[in-house]
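Work through the exercises below with the sequence and the model at hand. Try each task before reading its solution.

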Amino acid sequence: MTNFSVTRRNRMLSMTILLLSLCWSSAWAAAIKPAKKPTLNQCVALGDWVVPGSGRTTQQDVIARAAKASVVLLGETHVNADHHRWQLQTLVALHAVRPNMVIGFEMFPRRVQAALDQWVDGKLSEKEFLRVAEWDRVWNTDANLYLPLFHFARMNRIPMRALNIETNLRRQVAEKGFYGIPVEEREGLTHPAEPSQAYVDYLLPIYKQHDRKDKQKGEIAQDDADFRRFIGGQQLWDRAMAQILQQAVTESTGAEKPLVVGVMGTGHVLHGFGVAHQLHDLGVRNVAALLPWDSDKSCKNLVAGVADAVFGVLPHVSESFRPQFQRLGIRYEMGRGGAVVLQVEKNSIAEAAKLQDSDVIIEMAGLPLKETEDVINIVKRQSPGTWLPLTIKRDEQELQIIAKFPALKH
């Protein structure tokens with residue numbers, strides 16, 4: 001016991017000396033001395049940290065600087081397994097320096113916070129946790145991608161925070177505007193900070209790819225009413241996560257504030273447009289943004305300000321990772337006599353089947369949908385290479401469409 005304590009004190013002393021020897025600056029790039037250039041046609045080599053606009057740096061420097069922030073944002077592409085491995089590696093490194101930590105997850109809406117608390121307290125098994133947290137309903141991405149992060153939090157008794165709001169609320173704000181939603185239905189959200197012009201420019205091409213009921217045909221101007229509602233929905237998403245992160249920073253009663261880490265999609269992190277912008281409006285100024293960077297990603301995107309630092313990982317290859325079960329690729333809620341489609345994921349089976357937001361799926365394979373689990377269970381049973389007939393209602397018209405599940409590639 002004595003030897004362990006001495007070793008631990010020595011280790012902590014070494015860390016303290018290391019941190020004191022590093023000069024923290026909010027201008028990351030100015031403090032980094034570029035190392036050798038990345039290999040040709042590869043902006044960020046595998047396993048390398050790069051400060052955009054400056055050059056390569058070290059893991060020690062990135063972690064030491066990030067650990068001095070109030071909030072650290074870790075981006076991801078949800079289906080890329082390497083992104084989640086990188087997140088775990090980064091969390092471990094940050095925890096070694098700042099063991100007083102809180103981790104927020106975009107994957108959970110606020111209403112399931114009790115399930116996260118019970119999980120960290122060791123009161124739920126994996127299966128129970130995923131069921132009580134309604135994983136298949138609220139996120140519906142293979143849980144194996146995220147479970148190492150959840151186990152790391154529980155193993156180290158790190159509080160987990162649910163950052164998200166109901167998809168239906170985002171959809172309503174995107175359709176009606178923030179003030180079009182009654183106060184009691186806003187889940188305690190305050191009005192988001194106005195977006196920067198750069199964020200508006202960034203969102204416009206994304207909006208043009210969406211198939212929305214009120215979307216105008218032809219060229220779309222930035223003052224288009226539906227586009228502004230779309231921006232409002234995105235801002236609400238950012239604001240919701242920023243509020244929970246801000247609360248974790250400010251509501252701590254301990255002498256030392258925790259390091260608050262947010263795990264979320266890269267789109268909420270890029271260029272500081274999203275969550276960081278809302279955190280600044282809420283008074284949290286010291287925010288670090290770290291991103292995984294796929295080795296085949298275009299070099300033109302690696303510009304100063306895209307993040308404080310990026311780490312080289314392998315790109316996602318769909319056939320290299322087989323999920324435990326089939327996915328249709330929708331977010332939905334039960335109502336109107338079936339499963340109401342709230343969002344159709346890009347490049348999903350649902351998108352290929354021409355499902356649209358606001359469609360109501362009445363039947364799958366001839367079976368009526370009455371409960372949330374009906375959709376999940378039917379899709380899970382679907383074999384690769386088979387077709388699933390869907391009966392849907394769209395604008396009061398009943399239609400038949402086919403969801404085609406591709407065969408596995410060997």
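A cavity here is a set of grid points where a 1.4 Å probe fits but cannot get out. Its volume is the space filled by probe spheres set on those points. Keep in mind that this is a predicted model.

**Exercise 1. The enclosed space**

Task: Find how many cavities of 30 Å³ or more there are, and describe the lining of the largest cavity.

Solution:
- Start with the count. There are two cavities of 30 Å³ or more.
- Take the volume next. The largest cavity has about 90 Å³.
- Now look at its wall. Twelve residues line the largest cavity, and the closest to its centre are N140, L328, V375, I376 and V379.
- Assign the wall to elements. β9 (330–335) and α14 (372–381) each give two or more residues to this lining. The largest share, four residues, comes from α14.
- Sort by class. The lining of the largest cavity has seven nonpolar, three polar and two charged residues.

**Exercise 2. Three salt bridges, three settings**

Task: For D61–R65, D136–K380 and R327–E345, say where the partners sit and whether they are buried or exposed where a value is given.

Solution:
- Set the scene. The structure holds 15 salt bridges. A residue counts as buried under 20% relative accessible area.
- Begin with D61 and R65. Their closest N and O atoms are 2.7 Å apart. Both partners lie in helix α3 (residues 59–66), four residues apart, so about one helical turn separates them.
- Check their exposure. D61 is buried at 11% relative accessibility, and R65 is buried at 6%.
- Move to D136 and K380. Here the closest N and O atoms are 3.1 Å apart. D136 is in helix α7 (residues 135–138) and K380 is in helix α14, so this pair ties together parts 244 residues apart in sequence. K380 is partly exposed, at 35% relative accessibility.
- Finish with R327 and E345. The closest N and O atoms are 2.8 Å apart. R327 sits in the loop between β8 (309–313) and β9, while E345 sits in the loop between β10 (338–344) and α13 (349–352). The two residues are 18 apart. Both are buried.

Follow-up: Which residues are linked with R111 in a network of salt bridges? They are E134, R137 and E166.

**Exercise 3. A hairpin**

Task: Describe how β13 pairs with β14, and what happens between the strands.

Solution:
- Read the direction. β13 (residues 387–394) and β14 (residues 397–404) run antiparallel.
- Count the bridges. Eight join the two strands.
- Pick out a pair. W387 has K404 as its bridge partner in β14.
- Inspect the turn. Two residues lie between the strands, and D395 takes a positive phi near 50°.

**Exercise 4. The surroundings of L259**

Task: Say whether L259 is buried or exposed, and which residues it contacts beyond its sequence neighbours.

Solution:
- Place the residue. L259 lies in strand β6 (residues 259–263).
- Test its exposure. Buried needs under 20%. L259 has a relative accessible area of 0%, so it is buried.
- List the contacts, leaving aside neighbours within four places in sequence. Among them are A66, A67, A69, S70 and V72. The contacts also include L94, R98, N100, M101 and V102.
- Add a distance. The C-alpha atoms of L259 and V97 are 9.8 Å apart, with their positions 162 residues apart along the chain.

Methods: Residues numbered from 1 in each chain as written. Predicted model: local features only at pLDDT ≥ 70, side-chain atom pairs only at ≥ 80, totals over all residues. Heavy atoms only, no water. 1 Å grid on protein atoms, 1.4 Å probe; cavity = no way out; pocket = protein on both sides within 12 Å on 5 of 7 lines; lining within 4 Å. Nonpolar A, V, L, I, M, F, W, Y, C, P; charged D, E, K, R; others polar. Pairing = 2+ DSSP bridges. Salt bridge = Lys/Arg side-chain N within 4 Å of Asp/Glu carboxyl O. Buried < 20%, exposed > 50% of the residue type's maximum accessible area, 1.4 Å probe, protein only. Contact = heavy atoms within 4.5 Å.
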